[in-house]
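Open the model in your viewer and keep the selection panel at hand. The tour starts at the ligand and then moves out to the space around it.

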Amino acid sequence: MSLTFYYAPQSSASPVHWTLEELGIPYEKVAIDIRAGENKKPDFLKINPNGKVPVIVHNGVPIFESAAIQIYLGETFGVEKGLFPAPGPRRGEAMMWIIWTNVTLGDAVMRVGRNLSEWAPADERNAKAGERGKTDALELLAIVDTALTGRDYLLGDQFSIADLHLASWLEYVGMMGIDYSGLARLSAWAKRCTSRPACAKAP
Ligand SMILES: N[C@@H](CCC(=O)N[C@@H](CS)C(=O)NCC(=O)O)C(=O)O
């Protein structure tokens, strides 16, 4: 078995990094300097023509898109480690939260990033659109807060890759100035997830 993980710290690769550490499977790490443009070099584009991290190459097959990688790792290695549900409705729920994070929450958070953050070109920013993104993100996070009523984790009483995926994104949500501290269940759950030792090994 060979598994190579291409990543950059504090990026969309972080949730995948955390999953690999939770799984405790052997893998090789390759840091890609996206500021220096290593992700646009021909060798990297052969692995991911989108020129983005994360990518894993498992037994010679490249897989990009963090949500797809998380589900793939969960199905392939996570079930026996108790980190991903066996086939059935619970697996559907796990996939639902992972995709929801990237697509639905991700859209609102990216609107904040593109319109309010320093790294976005000043002439492409729209403050109103950024503020709308913040409001939408908080409304979406309130849905998670409600879903956590009476349970420690998204799928019930057991931590899973779905939890770590969303909890990892919350780091970015915080960096974007979206203050979710008023959502008590969500805040306590995020702390519970990020205090796991594997999280600290996955910047
Ligand atoms: N939807 C993709 C997003 C990947 C992505 O945007 N990666 C960023 C880092 S957060 C990247 O590699 N950016 C480098 C670039 O676009 O030049 C995923 O979830 O994997």
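Which side chain has an N or O atom 2.7 Å from an oxygen atom of the ligand? Select K52: its side chain makes that polar contact (a pair of N or O atoms within 3.5 Å). This is a predicted model, in which local features need pLDDT of at least 70, side-chain atom pairs count only at pLDDT 80 or more, and totals for chains, interfaces and linings use all residues. Residues are numbered from 1 along each chain as its sequence is written, and side-chain values use heavy atoms, with hydrogens and water left out.

Next, select V53, where a backbone N or O atom is 2.9 Å from a ligand nitrogen. Then go to E65, which places a polar side-chain atom 2.8 Å from a nitrogen atom of the ligand. The protein buries 69% of the 510 Å² that the ligand exposes when taken alone (Shrake-Rupley method, 1.4 Å probe).

Now show the whole shell (residues with a heavy atom within 4 Å): S11, S12, N39, K40, K52, V53, P54, E65, S66 and N102. Colour the shell by class to see two nonpolar, five polar and three charged residues.

Hide the ligand; the space it takes is the largest pocket (more than half of its atoms lie within 2 Å of the grid points). The volume of this pocket is about 1,500 Å³, filled by probe spheres set on the points. Among its 36 lining residues, Q10, S11, S12, I34 and Y172 are the closest to the centre. Finish on helix 6, which gives the most to the lining, five residues.

Conventions:
A polar contact is a pair of N or O atoms within 3.5 Å; within protein, one must be able to donate a hydrogen and the other to accept it, and residues adjacent in sequence count only if both atoms are side-chain atoms. On a 1 Å grid over the protein atoms alone, a cavity is a set of points where a 1.4 Å probe fits but cannot get out, and a pocket is an open set with protein on both sides within 12 Å along at least five of seven lines; lining residues have an atom within 4 Å of a point. Ala, Val, Leu, Ile, Met, Phe, Trp, Tyr, Cys and Pro count as nonpolar, Asp, Glu, Lys and Arg as charged, and the others, Gly among them, as polar. Helices (H or I, at least four residues) and strands (E, at least two) are DSSP runs, numbered from the N terminus.
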